[in-house]
Amino acid sequence: MIIKGKVHKFGDNINTDDIIAAKYLNMTDAKELGAHCMENIAPDFVGRVTPGDIIVAGSNFGCGSSREHAPLALKGCGIAAVIAPSFAGIFFRNAINIGLPFLELADVSSISPGDILEIDLSAGRIKNLTRDQVYNTEAFPEFLQRIIEDGGLMNYVKHRRS
Amino acid sequence: MGYTIAEKILKAHSAKADIHPGEYIEAKIDLALGNDITAPLAIDEFAKSGTRKVFDRNKIVLVPDHFAPAKDLRSANQCKVLAEFAGQQKIKNYFEIGCMGIEHALLPELGLVKPADLVIGADSHTCTYGALGAYATGVGSTDLARSFIDGKCWFKVPPSVKFVYKGKLNKWVGGKDLILFTIGKIGVDGALYKAMEFAGPVIERLRMDDRFSMSNMAIEAGGRAGIIAADEHTFEYVRESLKNQGRKVTSRDIAYWRSVFSDKDAVYDKVYEWDISGLEPQVACPHLPSNTKPVSKLKDVKVDQVVIGSCTNGRLSDLRQAARILKGKKAKPGLKLIVIPATQKIYLEAVQEGLAEIFVKAGGVFSTPTCGPCLGGHMGILTEGEIAIATTNRNFIGRMGSPKSFVYLSNPAVAAASSLTGRITHPQEVI
């Protein structure tokens with residue numbers, strides 16, 4: 001799967017309250033949630049996103065609450081993938097389980113806001129088309145790849161039960 | 001090579017003869033928890049899967065606590081989804097308001113969690129039950145939905161990190177201060193994807209309520225679990241709590257629970273050892289739980305609101321501590337004091353002991369159990385420019401309301417003392 005989009009950059013420790021504020025947790029629809037993505041820390045963010053764009057953030061992305069509304073909000077506002085040096089435990093699970101593509105890249109410093117990236121997910125390769133650079137990331141372990149290939153945890157379980 | 005507590009519990013619940021940190025496993029869980037925020041998504045996914053019956057109706061717990069009593073129409077709908085699902089599936093452990101409590105205070109209180117259990121909850125503070133010597137961890141709604149189907153969950157076996165606390169705790173210093181101190185030392189990702197294990201003479205002397213506060217905030221350092229080995233304190237607590245499930249603790253139980261402690265040759269990623277003698281009450285400043293300072297360094301910080309409650313500090317001993325400071329006194333005029341007991345049982349005990357009267361006479365609000373203001377839900381939202389000191393667990397931007405408000409985190413005694421002066425205050429200053 002190839003993802004190509006424009007970069008939006010964020011810092012370290014972007015928490016789930018940043019991604020989707022708790023006052024919107026009485027909603028469950030991804031599109032509705034997406035309209036308020038990053039509202040507390042970047043009120044103009046949603047307006048700047050073109051579907052297919054990519055978030056590049058600092059370490060511990062998605063820390064805080066277990067709310068799956070966070071990866072849903074990212075998907076809902078059109079974000080196609082997230083790249084960060086590390087992801088918080090529950091966000092990591094949620095992204096795998098619902099099929100939000102993400103990659104762990106130790107050094108994100110050479111990527112700038114507005115850069116155009118092309119991600120080859122299965123190869124774990126990121127091309128920075130703006131800067132003519134290539135970054136390689138480690139492939140997911142086999143167990144996680146199976147969930148990803150099945151299209152998320154619920155399909156994975158279904159396939160193995162049938 | 002020996003195992004840590006986390007490894008022993010995960011291994012016992014998987015089909016594996018041996019497990020190692022970093023490995024992915026599937027394991028059978030003892031209990032799965034959801035609330036009014038996370039369970040509706042799970043229930044929807046479960047319905048879409050076409051499965052008709054949950055794997056075990058006695059191993060699922062549903063607690064509407066975040067936006068309950070329903071704060072608005074949408075929240076009422078979410079709560080109704082839980083009630084209907086519980087009815088259809090005959091789930092016994094669904095708690096309507098009136099018998100509801102904040103989930104992480106309620107489950108231990110009712111004896112739904114015991115040492116060596118493997119518990120998942122679609123709520124990040126599920127790690128609270130680590131205080132009982134269980135492996136309890138926060139997951140997402142899809143994980144919860146999957147567990148409804150087959151009672152299983154996938155885990156990446158976390159490496160363990162040990163925290164050893166030595167010395168003697170000062171007066172007004174407890175579990176909340178120890179965990180804030182710890183997060184301050186290692187940072188909000190200091191235990192990222194690790195199982196934290198709290199140990200040492202200070203922990204051995206710590207009361208259960210303080211242990212719950214500590215384990216509760218393991219997630220604020222990125223920990224997948226915050227485990228304290230079960231000991232006599234734990235057994236005493238569980239002997240009482242399991243009565244609610246009509247279950248007696250046997251000598252076989254105790255023997256098994258005792259076998260689930262870390263082996264002498266267990267391997268830790270890292271071991272921290274601190275002498276905490278002389279530690280002052282700790283306060284986490286905006287906007288991260290790791291931004292901690294001793295209370296005496298913050299005495300010029302004015303506060304508009306004080307919140308005492310939450311899954312971190314809404315237990316009876318927390319309320320007693322606050323009441324000791326507020327007895328016969330008045331909160332500073334104009335300051336908003338909100339006290340929220342974590343469960344109906346705690347609420348009733350607070351009424352019977354006269355604590356509720358102390359809070360009301362101090363000019364405070366004494367609320368029905370709810371997560372409410374902790375996550376900016378209801379019952380005390382901050383507007384632009386307002387500052388709160390709260391016994392809750394997170395102080396992220398906008399956590400309690402406006403993105404231009406500020407939250408400081410402390411223990412209940414510091415919060416109560418601050419309500420008297422209108423600024424962040426060491427309890428010894430007002431007692």
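User: Strand E5 (residues 118-121) of chain B has B:Leu118 and B:Ile120 pointing one way; which residues point the other way?
Analyst: A strand (E, at least two residues), like a helix (H or I, at least four), is a DSSP run numbered from the N terminus. In a regular strand the side chains alternate between the two faces of the sheet. The residues named on both sides of E5(B) are all buried, a word that requires 20 or more other C-beta atoms within 10 Å of the residue's own, where 12 or fewer would make it exposed, anything in between is partly exposed, and C-beta atoms are placed from the backbone. Opposite in direction to B:Leu118 and B:Ile120 are B:Val119 and B:Gly121.

User: What kind of model is this, and from which number does each chain start?
Analyst: This is a predicted model, in which local features need pLDDT of at least 70 and side-chain atom pairs count only at pLDDT 80 or more, while totals for chains, interfaces and linings use all residues. Chains are lettered from A and ligands numbered from 1 in the order in which they are written, and residues along each chain, as its sequence is written, are numbered from 1.

User: Which residue of strand E6 (residues 135-138) of chain B stands opposite B:Ile120?
Analyst: Two strands pair if DSSP finds at least two bridges between them; E5(B) is joined in parallel by three bridges to strand E2 (residues 31-35) of chain B, where B:Ala32 has B:Ile120 as its bridge partner. E5(B) also pairs with E6(B), again in the parallel sense, over four bridges. There, the residue opposite B:Ile120 is B:Thr137.

User: Which helix gives the largest share of the side of chain B that touches chain A?
Analyst: Residues are in contact if their C-beta atoms, placed from the backbone, lie within 7 Å, and by this rule 41 residues of chain B are in contact with 35 residues of chain A. Helix H2 (39-48), helix H3 (73-89) and helix H5 (141-150) of chain B each supply at least two residues of this side of chain B. The largest share, seven residues, comes from H5(B).

User: What is the radius of gyration of chain A?
Analyst: Chain A contains seven helices and seven strands, and its C-alpha atoms fill a box of roughly 45 × 40 × 25 Å along the principal axes. The radius of gyration is taken over C-alpha atoms, and the globule rule is 2.2 Å times the number of residues to the power 0.38. For 162 residues a compact globule would come near 15 Å, which agrees with the value for chain A, 15 Å.

User: Near what value is omega for the peptide bond from B:Ala68 to B:Pro69?
Analyst: B:Pro69 is found in the loop between strand E3 (60-63) and H3 of chain B. The peptide bond that leads to B:Pro69 from B:Ala68 is cis, and its omega is near -10 degrees.

User: B:Tyr193 has a positive phi; is B:Tyr193 buried or partly exposed?
Analyst: B:Tyr193 lies in the loop between helix H6 (175-186) and strand E9 (195-199) of chain B, and its phi, near 55 degrees, is a positive value in a residue other than glycine. Because 18 other C-beta atoms lie within 10 Å, B:Tyr193 counts as partly exposed.

User: How many C-beta neighbours does B:Met379 have inside 10 Å?
Analyst: B:Met379 sits in the loop between strand E16 (365-366) and strand E17 (387-390) of chain B, and has a positive phi of about 65 degrees although it is not a glycine. B:Met379 counts as partly exposed, and its number of C-beta neighbours inside 10 Å is 19.

How values were computed: Two residues are in contact if their C-beta atoms, placed from the backbone, lie within 7 Å.
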